[in-house]
Amino acid sequence: MALHHKRHTISHSAVDDPYASAEMESELPRFIMPDDESDPRTTYDAVLDELMLDGNARQNLATFCTTWMEPEVQKLMAESVNKNMIDKDEYPQSAEIEQRCVDILAALWNSPEASSTVGCSTTGSSEAAMLGGMALKWRWREKRRAKGKSVDRPNLVTGPVQICWHKFCRYWDIEIREIPMEGGRLIMTPQEVLERCDENTIGVVPTLGVTFTGQYEPVKAVSNALDRLQAESGLDIPIHVDAASGGFLAPFVLPDLEWDFRLPRVKSINASGHKFGMAPLGVGWALWRTKEDLPEDLIFNVNYLGGNMPTFALNFSRPAGEIISQYYLFLRLGRKGYRKIQQELYDTAQFLAKEIVKMGPFEMIHNGNEEGIPAISWKLKSDADVTFSLFDLADALRTRGWLVPAYSMPPERTDLVVQRILIRHGFSHDMARLLLVDIARMLDRFHRHPVSMNLTEAEAGGHNHNGK
Ligand SMILES: *Cc1c(COP(=O)(O)O)cnc(C)c1O
């Protein structure tokens, strides 16, 4: 007897193997919601399978964000999945935990009034930057109005900033005076800052860990320059530090670097808890030096959830789990734990930088030293005799699952193509070794099979993946 059966004779039942079930017989609906319900387990399998195409987050060396977590963090996330951070009256302990995190960070960043200053959690540094920027604008406007001066042409002076500052300036009608890169200078200098400051400058934003290269901008030197400007002209221009990455690095591995509230001119700071704070995705922090540095009329009081709760945020509802996890990490790791992990990241970054330079055609821009973030960025040597571009190398490494982005720099240096690796918690020395073997393998392949030459600027511009 033939063992094959006719397709239409298959009948489905609740005990089917997921891959022999009715749901898996056809592709998943894409455009229209199905009429009927389907089996949860099978549907879960089908959705999870689609996610395989995302690749492996741990091999994504482009992102700054947390991709490895302890099981305890995963549990806390699952256990708090139904808590809404905005319902401070319903979830008072989550609110208390948020406040403890603010106090801990205020002390870490040397606020002179650490236990009484103001700050809040946000969804990330982008929202935190928006809040910090708004406070600058409000403060500036208050001072101008008090003197009877015009308030219609505010500007903000920055180095090469992350896109959130472009958004802030566009949304709030502020002229951005972004210091362009010039030659080998890829960050702000005090002189470049001073040349752009005037009575309409609401603030200066140095970045602690520039997105493009990983370098720290010189906050103290800029602050000193602004002190001199004030002595000469009376202009008192505040600083907001975008410490998205550096806010969780410098305090541990470079404690003597004065970039924070130790400098009286630094009025506010933002950082991403979900970057080197090591919390799961979805938390940032905005803190002000003292209560007086956050204008009162930016704070809304909400009473319809019961109680009277001050809030300063763009979002309303958002999950509490990331904040609870952040607090867990502060307790779990302590300053020593953070220092140990971060130092390990720097060591791995510096090891990778050395080995990549040894390969020949590459020149480091940031070699993962402690005066920047644990990342490395490099370019092709101008005299490199190669038959590939960094974009080709990025594509080749993808075949092994590594995401090592190549991108062109912002205006004035769009000719410069850079490749960057972020070393994050969970990227071990052994993985670094595996990556090096793959890079060497790709170089050897390019040597035997030349790929592309002379990428035009337009082509390079199409590969801009730097906003991570
Ligand atoms: C990542 C980053 C941001 C944006 O932060 P999110 O937490 O992703 O919103 C802003 N500025 C800098 C310097 C960054 O590195």
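**Figure 1. Aspartate 260 and its salt bridge with arginine 262 in the predicted model.** Aspartate 260 has a relative accessible area of 0% and is therefore buried. Its side chain meets that of arginine 262 in a salt bridge, with an N to O distance of 2.9 Å. Arginine 262 counts as partly exposed, at 31% relative accessibility. The pair thus joins a buried aspartate to a partly exposed arginine.

**Figure 2. A salt-bridge network of four residues.** Glu182, Arg185, Glu192 and Arg196 are joined into one network by salt bridges that share partners. Across the whole structure, a search finds 21 salt bridges.

**Figure 3. The salt bridge between arginine 318 and glutamate 98.** The two side chains meet at 3.9 Å, N to O. Arginine 318 is in the loop between β9 (309-311) and α9, whereas glutamate 98 belongs to helix α3 (residues 92-108), so the pair ties together parts that lie 220 residues apart in sequence. Both partners fall under the 20% limit for buried residues: arginine 318 has a relative accessibility of 10%, and glutamate 98 has a relative accessible area of 7%.

**Figure 4. The salt bridge between arginine 265 and aspartate 236.** The side chains of this pair meet at an N to O distance of 3.0 Å. The contact links distant parts of the chain, 29 residues apart. Arginine 265 is located in the loop between α8 (250-253) and β6 (266-272), and aspartate 236 in the loop between α7 (219-233) and β5 (239-242). Arginine 265 counts as buried at 6% relative accessibility, while aspartate 236, at 37%, counts as partly exposed.

**Figure 5. The open four-stranded sheet and helix α9.** The sheet consists of 4 strands in the order β10-β11-β13-β12, paired in the antiparallel sense. Strands β10 (362-366) and β12 (406-408) form the edges, each pairing on one side only. From one strand to the next, the twist averages 35°. Helix α9 (residues 321-358) packs on this sheet and touches β10, β11 (375-380) and β13. The direction of α9 makes about 15° with that of β11.

**Figure 6. Strand pairing within the sheet.** β10 and β11 run antiparallel and are paired over 4 bridges; methionine 364 has tryptophan 378 in β11 as its bridge partner. β11 is joined to β13 by 4 bridges, again in the antiparallel sense, and serine 377 stands opposite arginine 420 in β13. The pairing of β12 with β13 (residues 417-422) is antiparallel over 3 bridges. Here, alanine 406 stands opposite glutamine 419 of β13.

**Figure 7. The packing of helices α9 and α11.** The axes of α9 and α11 (residues 429-448) come within 10 Å and cross at roughly 20°. Since angles under 35 degrees count as roughly parallel, α9 and α11 are roughly parallel to each other. The crossing of α9 past α11 is right-handed. On the α9 side, Thr348, Phe351, Leu352, Glu355 and Ile356 take part in the contact. These residues meet His429, Ala432, Arg433, Leu435, Leu436 and Ile439 of α11.

Conventions. Residues are numbered from 1 along each chain as its sequence is written. This is a predicted model: local features need pLDDT of at least 70, side-chain atom pairs count only at pLDDT 80 or more; totals for chains, interfaces and linings use all residues. Side-chain values use heavy atoms; hydrogens and water are left out. Two strands pair if DSSP finds at least two bridges between them. Helices (H or I, at least four residues) and strands (E, at least two) are DSSP runs, numbered from the N terminus. Axes are lines fitted to C-alpha atoms, for helices over the stretch in contact, and angles run from 0 to 180 degrees between N-to-C directions. Contact means heavy atoms within 4.5 Å. Buried means under 20% relative accessible area, exposed over 50%, partly exposed in between (1.4 Å probe, protein chains only). Angles under 35 degrees count as roughly parallel, over 145 as roughly antiparallel, 65 to 115 as roughly perpendicular and the rest as oblique. A crossing is left-handed if the near helix is turned anticlockwise from the far one by less than a right angle, and right-handed if clockwise.
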